[in-house]
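Welcome! Below is a short tour of how some helices pack together and what surrounds the ligand.

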Amino acid sequence: MELRIRDLSKTYANGVVALDKVTLTIPTGMFGLLGPNGAGKSTLMRILATLQECDTGSVFLDDIDVLDEKTAVRRLLGYLPQDFGVYPKVSAYELLDHFAMLKGLSQRNRRREVVDGLLQQTNLFEVRHQKLGGFSGGMRQRFGIAQALLGDPKLIIVDEPTAGLDPQERVRFHNLLSDIGADKTVLLSTHIVSDVADLCANMAIINKGRVLLCGEPTRLVDDISDRIWGRFVPKSDLAHYQRRHAVISTRLLAGRTLVHVYADGDPGDDFEPALATLDDVYFATIAGHPVGAAGIC
Ligand code: ADP
């Protein structure tokens, strides 16, 4: 299914403009919505999940008016919110069974089949009788995906699902999401660039309520590839380089400081062409540098 968001705006009562004419087209597959904290991601996710009202704009899921036909959307929607809470004293099986009942799966045998299947899919079958309070962050998030998949949704919205997961759980969670993304529309909001780099065929970068860039991650990296330059610098000289160049990122590599700068041509100062990554696309975009052809998203 295709999700079409047009000129969506939302200003909170305190005057904060959370979304400013957001326009995006989200096709089937995994779509990454990347932006720093406060960018407006959760506001957008909640509006798409029919849990919050916008001020102006339109959203269509194929031919369903998402802002108007909320019941129809909810039938097709699976949502994993950022602050997904569980009842700590209940087992994974019991809670999923309860959610399944709320979703209308009243027939006992059929419900058992569905719940067992989802617990298997999310690799929680072995621990299904353990209490959710004892689950690790990764197990909890996988349980969150299991509940989001109830009712065989066509659109799945996951809000910052990998924050706080250890590297092993993140890989596990990525594998789960990429399996799901094969035939559904999955909208993944995150501030972690590697979530998008690893998983998403399409992406957008959002900041301060505005869509700054969208496209295919690999193409966006290609677009910027001749404008990223790098070198190691002594930590004490960092401020000097920041004054002289458009530094987009600094990071430690084996105890040394690697600086990436954005420049149309050789910036001098012994910088060398660097292998561009999606991190560079992200940091350059957030810093306001042009990346690729700004198109309609
Ligand atoms: P993100 O999910 O990208 O971190 P949010 O959608 O949570 O961004 O927030 C976008 C902006 O809206 C932020 O400046 C945030 O402080 C503000 N905001 C979010 N929720 C509310 C609210 N209920 N009332 C007022 N401001 C809010």
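## H3 against H4

H3 and H4 lie oblique to each other, because that word covers angles outside three ranges: under 35 degrees (roughly parallel), over 145 (roughly antiparallel) and 65 to 115 (roughly perpendicular). Their packing angle is about 125°, and the axes are 10 Å apart; H4 spans residues 108-121, while H3 spans residues 92-102. Helices here are DSSP runs of H or I with at least four residues, numbered from the N terminus. Axes are lines fitted to C-alpha atoms over the stretch in contact, with angles from 0 to 180 degrees between N-to-C directions.

The H3 and H4 crossing is right-handed, meaning that the near helix is turned clockwise from the far one by less than a right angle. On the H3 side, Ala92, Tyr93, Leu96, Asp97, Ala100 and Met101 take part, meeting Arg111, Arg112, Val115, Asp116, Leu118 and Leu119 of H4 (contact means heavy atoms within 4.5 Å). Sorted by class, this contact has eight nonpolar, no polar and four charged residues.

## About the model

This is a predicted model, in which local features need pLDDT of at least 70 and side-chain atom pairs count only at pLDDT 80 or more, while totals for chains, interfaces and linings use all residues. Residues are numbered from 1 along each chain as its sequence is written, and side-chain values use heavy atoms, leaving out hydrogens and water.

## H3 against H5

H3 has another partner in H5, residues 137-148; their axes come within 10 Å and cross at roughly 25°. H3 and H5 are therefore roughly parallel to each other, and their crossing is right-handed.

Here Ala92, Leu95, Leu96 and Phe99 of H3 meet Phe143, Ala146 and Gln147 of H5. The classes in this contact are six nonpolar, one polar and no charged residues.

## H8 against H10

Further along, H8 (residues 217-224) and H10 (residues 278-286) have axes that come within 9 Å and cross at roughly 70°. That makes H8 roughly perpendicular to H10. Pro217, Leu220, Val221 and Ile224 of H8 form the contact with Leu278, Asp280, Val281 and Ala284 of H10.

## Around the ligand

Which residues are around the ligand? They are Tyr12, Asn14, Val16, Ala18, Pro36, Asn37, Gly38, Ala39, Gly40, Lys41, Ser42 and Thr43, each with a heavy atom within 4 Å of the ligand.

Lys41 has a polar side-chain atom 2.9 Å from a ligand oxygen atom. A backbone N or O atom of Ser42 lies 2.8 Å from an oxygen atom of the ligand, and a polar backbone atom of Ala39 is 3.1 Å from one.

Methods. Helix = DSSP H or I, 4+ residues; strand = E, 2+ residues; numbered from the N terminus. Nonpolar A, V, L, I, M, F, W, Y, C, P; charged D, E, K, R; others polar. Polar contact = N/O pair within 3.5 Å; in protein donor to acceptor, adjacent residues only side chain to side chain.
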